[in-house]
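Take a look at the chain below. This report follows two helices and a few charged pairs.

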Amino acid sequence: HGVLVRISEFTAGPATAHAIRGILKRLGEHKRVVAHVPQLTMISLIAASGCPEITAPESADVMLSGFAVEPTFMGEFLKKNGIEFENLRIREYKAALTRFSQDHMDDANREQLSAYLSGLEAAWATDLAAGRGVSEAEALAWLDADLTSAQGALDAGLIDRVAYEDELIGPGTRPLAAVIDLLM
């Protein structure tokens, strides 16, 4: 027996996904664990990479464009509406409130956000490489592979099978004891 984990509409953060990955990895040491992922996103794949088997339906949404941040700067808007915002910064990397005092990202904030995104992408590649049994370079190549379909993800080695959920738990399949929905 085993467990089918449906990872659907998964919006948890990367750290939560990594923690779930660890739980699923430990569970997979004792039972058959299959992750069914209808939306192949960066975050859902972190969680799913703890499972020995990953499946996706033929109609899966594949969105592997990397990580990004999009800060909004309201400094100019606030000034136009008569609101003055004073931002006292001790150092250049203290950028939490600059979105209220400036109308653009400064170089120090760009540097720290770029470092964060690079680290996040490297951690993603490490998790996926370990889970899929490939090198980190091959995992990073999935981001540049322009994958747009479940079949493309299968051909690249990102998933193990293209199947709808009923094909995983129906007659003629190895039995799964439980179905867990991960909706976060």
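Is Asp106 buried or exposed, going by its relative accessibility? The model is a predicted one. In this model Asp106 has 16% relative accessibility, so Asp106 counts as buried. The cut-off for buried is under 20%.

**Asp106 and its partner**

Asp106 does not stand alone. Its side chain meets that of Arg89 in a salt bridge, at 2.8 Å from N to O. This pair links distant parts of the chain, 17 residues apart. Arg89 sits in the loop between helix H3 (75-80) and helix H4 (98-101). Asp106 sits in the loop between H4 and H5. Arg89 is partly exposed, with a relative accessible area of 24%.

Why might such partners pair? Side chains of opposite charge can do so when their charged atoms come close.

**Helices H1 and H5**

Now turn to helix H1 (residues 14-28) and helix H5 (residues 107-132). Their axes come within 12 Å and cross at roughly 15°. Angles under 35 degrees count as roughly parallel. H1 and H5 are therefore roughly parallel to each other. The crossing of H1 past H5 is left-handed.

Which residues make the contact between H1 and H5? From H1 come Pro14, His18 and Arg21. From H5 come Leu120, Asp127, Ala130 and Gly131. The residues of this contact divide into three nonpolar, two polar and two charged.

Arg21 and Asp127 also form a salt bridge, at 3.8 Å from N to O. Arg21 lies in H1 and Asp127 in H5, so the pair ties together parts that are 106 residues apart in sequence. Both Arg21 and Asp127 are buried.

**A pair at Arg132**

H5 takes part in another salt bridge, through Arg132. Arg132 pairs with Asp160, and the closest N and O atoms are 2.6 Å apart. Asp160 lies in the loop between helix H7 (150-156) and strand E6 (161-162), while Arg132 is in H5, so the pair ties together parts that are 28 residues apart in sequence. Asp160 is partly exposed, with a relative accessible area of 39%. Arg132 has 13% relative accessibility, so Arg132 counts as buried.

**The salt bridges together**

How many salt bridges does the structure hold? There are five. The table lists some of them, including the pair with Asp106.

| Salt bridge | N to O distance |
|---|---|
| Arg21 and Asp127 | 3.8 Å |
| Arg89 and Asp106 | 2.8 Å |
| Arg132 and Asp160 | 2.6 Å |

Definitions and conventions
Residues are numbered from 1 along each chain as its sequence is written. This is a predicted model: local features need pLDDT of at least 70, side-chain atom pairs count only at pLDDT 80 or more; totals for chains, interfaces and linings use all residues. Side-chain values use heavy atoms; hydrogens and water are left out. Axes are lines fitted to C-alpha atoms, for helices over the stretch in contact, and angles run from 0 to 180 degrees between N-to-C directions. Helices (H or I, at least four residues) and strands (E, at least two) are DSSP runs, numbered from the N terminus. Angles under 35 degrees count as roughly parallel, over 145 as roughly antiparallel, 65 to 115 as roughly perpendicular and the rest as oblique. A crossing is left-handed if the near helix is turned anticlockwise from the far one by less than a right angle, and right-handed if clockwise. Contact means heavy atoms within 4.5 Å. Ala, Val, Leu, Ile, Met, Phe, Trp, Tyr, Cys and Pro count as nonpolar, Asp, Glu, Lys and Arg as charged, and the others, Gly among them, as polar. A salt bridge is a side-chain nitrogen of Lys or Arg within 4 Å of a carboxyl oxygen of Asp or Glu. Buried means under 20% relative accessible area, exposed over 50%, partly exposed in between (1.4 Å probe, protein chains only).
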